[in-house]
Amino acid sequence: MAGTDNAGLQSEGVGEPAPARGVSNTANAGDTAGKGDNSGAARTPTAADASVVSTSIAASTPAAHAPSTPSGLSAVSDAIAALTVTDATREATVAQLNADEESSQLLDDGKHTLPFITRLYGGLVMVLGVCAIPLIIYELTYSIRQILDGKVTIDALALPFILSCVEVVVLIVDAACMAVFGIQLLRSRRRHAARWAYALMPLTLAHGMLSLALEGFGTNLLGPFIQMTILVALSVTLDPALLQERQLQWHLKRMDDHEAYDKAVQENMLGRDQSGKGYISLDYFNIFWLFVVGCVVGLIIETIYHFALVHEYQDRAGLLWGPFSPIYGCGAVILTVCLNRLWRKNAVLIFFASAVIGGAFEFFVSWFMEAAFGITAWDYTGQWLSIGGRTSGKYMVFWGLLGLAWIKFVLPYLLRLINRIPWKIRYSLTAVCTVLMLVDIVMTLMALDCWYSRVSGVPQNAPVTQFFAQHFDDAYMQHRFQTMTIDPSKSGRMA
């Protein structure tokens, strides 16, 4: 193994022997790679050997041979390098962590300015703090004169007077700290600004509690609440230590996820329940895409079924935009969650479980839409085993068949389709699509609420209601949701 060590040292240009840790890592790598070699001869150095030694030396070389990094970061880098799957990932991760540490050190030197909105807030805080001190002193002086002139009588031992005095002191100290805090924000001194934010938090809390004790619960608490919210947000984003911690945690999570991803791909278990109790892993990534696919596939099936039944095309969409029917999306998720551990069970059990779950879900959705918006989207009155017209035996059988096909046949192929999303973009893509779906759902609920208000005769005077009346009027809503009718008398709302 001497040849391997020399090759590694020469590749780094180091004239002295590497520390024992680096040699040990190299020897272990060589022993592992050459295991089973009975010749006893020295193995020819390879590029992989040099890469391993380079990585070990990069993590342990003295400051004279490598950029200086804090001991804490070096320890984290060593731990990460030992846990990483490939040498290339080790080098990239350690280099990224070093770069993040250097950038976090530069955050507090004033060269990396804070965002304009943050500095604008700092200027406003500084002005308010500077102006508040003389105003408080003036009010205090005026009150003392009123007392001395006999115009106001007080009881110095009374609790309200004591609390008022304490509140004045707290307000003066708070104003002074706010002025300094604003100056630090203007100068982009992140670390100092974060420390002053921490100091201001107990003062703000004390101000709020004193105001509550003196004036009760009301708008007087709005100022302390807003100030505390801003201070918490700024302290989290400004503190370089917290920033570095978030960077390290992000790298560790990404590395763990990537390692688990590679392992699952090799074992053909990507997206599967690793415990073996269920078929699919019930994480947000899988659940979201099951919901999306369920929305689209359910809409297609219902549209085809209606066309085959009455020979007429009808828009069965459930959201303002896109080919989505959230009833089927939610149904797909509920069936998956409830039946995930039954995927190996008898088909009859899965069928009856799906029928009961689907029927109960359909009944609840019908009741909720009627109670909230006075909407009737379907009515199964008079059909076999009809339950209040909200579900029936016929459609419970359909839910049973859908659930059986979903769990036994569709889910495996669907999981393979979902896993074709590249690992590098699956998180960002899912986040973007989640936001778009939430916007679509929220806008749909607001449009339905305004539609209900118009049918009920409620004046549409607010800007929001006027916007929906202009862009999503009754004709538009009736055309988009062709299966829905509104009857305000059926809703459970208060007049």
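Is Glu 370 buried or exposed? Glu 370 is buried, with a relative accessible area of 18%; the cut-off for buried is under 20%. This value, like the others in this report, comes from a predicted model.

## Salt bridge of Glu 370 and Arg 390

The partner of Glu 370 is Arg 390, and the closest N and O atoms of this salt bridge are 3.2 Å apart. Glu 370 belongs to helix α13, while Arg 390 sits in the loop between β1 (375-376) and α14, so the pair ties together parts that are 20 residues apart in sequence. Arg 390 is buried as well, at a relative accessible area of 13%.

## Other salt bridges

The structure has four salt bridges. In general, side chains of opposite charge can pair when their charged atoms come close.

One of the four joins the side chains of Asp 315 and Arg 480, with an N to O distance of 3.4 Å. Asp 315 is in the loop between α11 and α12, and Arg 480 is in helix α17 (residues 474-480), so this salt bridge ties together parts that are 165 residues apart in sequence. Asp 315 has a relative accessible area of 15% and is buried. Arg 480 is also buried, with a value of 14%.

Another salt bridge is formed by the side chains of Asp 474 and Arg 454, at 2.7 Å from N to O. Here the two residues lie in helices, Asp 474 in α17 and Arg 454 in α15, so the pair ties together parts that are 20 residues apart in sequence. Asp 474 is partly exposed, with a relative accessible area of 34%, whereas Arg 454 is buried at 17%.

## Nonpolar cores

In soluble globular proteins, nonpolar side chains tend to be buried together. In this model the largest nonpolar core has 51 residues, and the members that touch the most others are Leu 448 and Met 477. Two or more core residues come from each of α11 (284-310), α12 (326-339), α13 (347-373), α14 (393-418) and α15 (423-456). The largest share is that of α14, which gives nine residues.

Which residues does Leu 448 touch, not counting those up to four places away in sequence? They are Phe 373, Ile 375, Met 477, Phe 481 and Met 484. A second core, separate from the largest one, has 16 residues, among them Val 125, Phe 181, Leu 185 and Ala 197.

## Nonpolar patch on the surface

Some nonpolar residues form a patch on the surface: Tyr 305, Leu 309, Val 310, Trp 384, Leu 385, Val 397, Phe 398 and Leu 401. Together these residues have about 740 Å² of accessible area. At least two residues of the patch come from α11, and at least two from α14.

Val 310 is a member of the patch and lies in helix α11. Its relative accessible area is 42%, so Val 310 counts as partly exposed.

## Cysteines

How many disulfides does a search of the whole structure find? The search finds zero. Among the cysteines, Cys 165 is partly exposed, with a relative accessible area of 34%. Cys 338 is also partly exposed, with a relative accessible area of 43%.

Notes: Residues are numbered from 1 along each chain as its sequence is written. This is a predicted model: local features need pLDDT of at least 70, side-chain atom pairs count only at pLDDT 80 or more; totals for chains, interfaces and linings use all residues. Side-chain values use heavy atoms; hydrogens and water are left out. A disulfide is a pair of cysteine sulfur atoms within 2.5 Å. Buried means under 20% relative accessible area, exposed over 50%, partly exposed in between (1.4 Å probe, protein chains only). A nonpolar core is a set of buried Ala, Val, Leu, Ile, Met, Phe, Trp, Tyr and Cys residues joined through side-chain atoms within 4.5 Å. Helices (H or I, at least four residues) and strands (E, at least two) are DSSP runs, numbered from the N terminus. Contact means heavy atoms within 4.5 Å. Patches are made of residues with over 30% relative accessible area and no salt bridge: like charges are joined within 9 Å, nonpolar side chains (Val, Leu, Ile, Met, Phe, Trp, Tyr) within 5 Å. Accessible areas come from the Shrake-Rupley method with a 1.4 Å probe; for residues, only the protein chains shown count as cover.
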